[in-house]
Amino acid sequence: MARVLVVGAGLTGGLCAALLKRGRPVSVAVWEQARDSGGRMTTVQSPCDPQCRADLGAQYVTRTPHYAGQHQSFYDELLTQGVLKPLTSLIEGMVVKEGDCNFVAPQGISSIVKHYLKESGVEVSYGHRVTEIYLKDDKWEVHKEVGGSELFDIIILTMPVPQILQLQGDIKNLISESQKRQLASVRYSCRFALGLFYEAGTHIEVPWAARYILNNPYICFISIDHRKRDVDAADSGPSVVVHTTTSFGMENLEKSTEDVRDVILQQVSCVLPGLPTPASTMCHRWTYSQVTQAIPHCPGQMTLHHNPLLVCGGDSFTRSNFDGCLESSLCVMEALKPHL
């Protein structure tokens with residue numbers, strides 16, 4: 001039985017783990033350097049109330065006509081099990097193209113990733129940051145920052161490409177120069193996301209669930225998060241999510257999240273002067289927010305080594321959305337077929 005390591009518990013990693021376990025006699029491990037799954041589909045909880053949630057990453061899922069047929073079974077599964085439901089709340093300023101369907105995740109956007117990880121049956125190992133990868137007796141010896149190393153037959157890397165290029169060990173020499181140039185060509189936007197959490201009974205008086213902010217150098221999007229997800233916040237407090245512009249993210253990338261938080265709060269008070277004072281806040285820096293330039297002419301994945309197999313996938317090889325990660329995961333599975 002092949003032992004497979006999936007590095008990264010974001011959407012691509014969760015999908016790969018689930019797809020691997022569908023009818024295949026394979027042992028799968030998932031290592032994630034963070035403390036929770038989700039990646040850029042992250043949902044956080046209020047420090048004071050675990051029922052008060054906020055999506056700090058992706059806000060909703062858009063199904064285009066192009067993918068409606070190709071990926072329909074995946075959408076049907078998520079809708080049937082209540083992981084997704086149609087977006088019915090007002091998103092002011094949203095550009096809706098003909099044939100597009102938008103969906104929200106009532107339990108938070110990270111519930112999509114958690115659904116696939118649960119389906120896989122794999123227990124994710126958190127706090128496992130991969131630092132070095134070596135070839136050893138036709139297997140991969142994978143070292144993590146804390147806790148030694150383990151051997152695997154196959155590795156699937158799903159973290160952002162710059163983190164792949166930072167890996168040490170034999171992998172540095174096994175990646176060809178042309179592959180390194182391709183990987184180095186990927187470009188990401190960066191931004192900050194601020195979650196504002198309120199006590200139960202707090203009312204936020206705006207007529208929309210979310211709003212795109214135009215011509216503001218600081219803020220591009222504000223969501224009354226529970227309202228966007230169409231869930232009742234009567235027993236828990238409401239939450240608000242603020243996304244900064246990518247230009248603000250780039251200009252302030254090196255600043256502390258505390259300093260950036262204070263600037264965002266000042267700007268939010270200008271956009272929404274009647275917004276109540278939150279009970280707590282949480283500011284997150286998205287160094288790799290969305291892929292603005294993916295690897296060109298790449299079939300959803302890149303095989304870095306054939307025997308033993310080492311393959312990488314994710315939105316860097318397609319596009320930054322649900323369908324892009326799903327497409328990449330399916331391409332990774334095709335690359336694995338001869339090795340399982």
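Helices are DSSP runs of H or I of at least four residues, numbered from the N terminus. In the predicted model, I175 lies in the loop that separates two such helices, α6 (171–174) and α7 (177–184). The relative accessibility of I175 is 5%, and this residue therefore counts as buried, the cut-off being under 20%. When residues up to four places away in sequence are set aside, I175 touches K180, L183 and L304. L165 stands 10 residues from I175 along the chain, and the C-alpha atoms of the two are separated by 9.3 Å.

The chain as a whole contains 11 helices and 23 strands. Its radius of gyration is 20 Å, which agrees with the value near 20 Å expected for a compact globule of 340 residues. The C-alpha trace spans about 65 × 45 × 35 Å along its principal axes. Of the 340 residues, 53% are buried. Among contacts with a separation of 6 or more, 72% are accounted for by residues 24 or more positions apart. The exposed area of the chain is about 15400 Å², of which carbon and sulfur atoms supply 49%. The side chains include 30 that are positive and 35 that are negative, and the centres of these two sets lie 3 Å apart.

Helix α4 comprises residues 110–120, and because 8 of its 11 residues are buried, the helix is largely enclosed by the rest of the structure. The buried residues of α4 are S110, S111, I112, V113, H115, Y116, L117 and S120. Their cover includes three helices, α1 (11–20), α3 (72–80) and α11 (322–336), together with the strands β2 (27–32), β3 (43–45) and β5 (61–63). In an α-helix there are 3.6 residues a turn, so residues three or four places apart point the same way. G121 follows α4 and has a positive phi, near 75°.

Helix α1, which is part of the cover of α4, contains C16. With a relative accessible area of 0%, C16 is buried. Outside its neighbours within four places in sequence, C16 is in contact with I156, S329, V332 and M333. C16 and C331 are 315 residues apart in sequence, and the distance between their C-alpha atoms is 9.9 Å.

S89 occupies the loop between β6 (85–86) and β7 (91–92). Its relative accessibility is 18%, so S89 counts as buried, under the 20% limit. A polar atom of the S89 side chain lies 2.8 Å from the backbone oxygen of R227. R227 also appears among the contacts of S89 beyond four places in sequence, along with A209, K228 and D230.

Y126 belongs to strand β9, residues 125–126. Its relative accessible area is 33%, so Y126 is partly exposed. Apart from residues up to four places away in sequence, Y126 touches E32, A34, R35, D36 and S37. By contrast with these contacts, E258 is 132 residues from Y126 along the chain, and their C-alpha atoms are separated by 25 Å.

Backbone geometry was also examined in three loops. Most residues other than glycine have a negative phi, and most peptide bonds are trans. D138 is a residue other than glycine with a positive phi, near 60°. D138 is placed in the loop between β10 (130–136) and β11 (139–144), and its relative accessibility of 62% means that it counts as exposed. N215, likewise not a glycine, has a positive phi of about 60°. The loop that holds N215 runs between β17 (210–212) and β18 (219–224). N215 counts as exposed because its relative accessibility is 82%. A cis peptide bond, with omega of about 0°, joins N307 and P308. P308 is located in the loop between β22 (301–305) and β23 (309–313).

Notes
Residues are numbered from 1 along each chain as its sequence is written. This is a predicted model: local features need pLDDT of at least 70, side-chain atom pairs count only at pLDDT 80 or more; totals for chains, interfaces and linings use all residues. Side-chain values use heavy atoms; hydrogens and water are left out. The radius of gyration is taken over C-alpha atoms; the globule rule is 2.2 Å times the number of residues to the power 0.38. Buried means under 20% relative accessible area, exposed over 50%, partly exposed in between (1.4 Å probe, protein chains only). Contact means heavy atoms within 4.5 Å. Accessible areas come from the Shrake-Rupley method with a 1.4 Å probe; for residues, only the protein chains shown count as cover. Lys and Arg count as positive and Asp and Glu as negative; His and the chain ends are not counted. The place of a charge is taken as NZ of Lys, CZ of Arg, CG of Asp or CD of Glu. A polar contact is a pair of N or O atoms within 3.5 Å; within protein, one must be able to donate a hydrogen and the other to accept it, and residues adjacent in sequence count only if both atoms are side-chain atoms.
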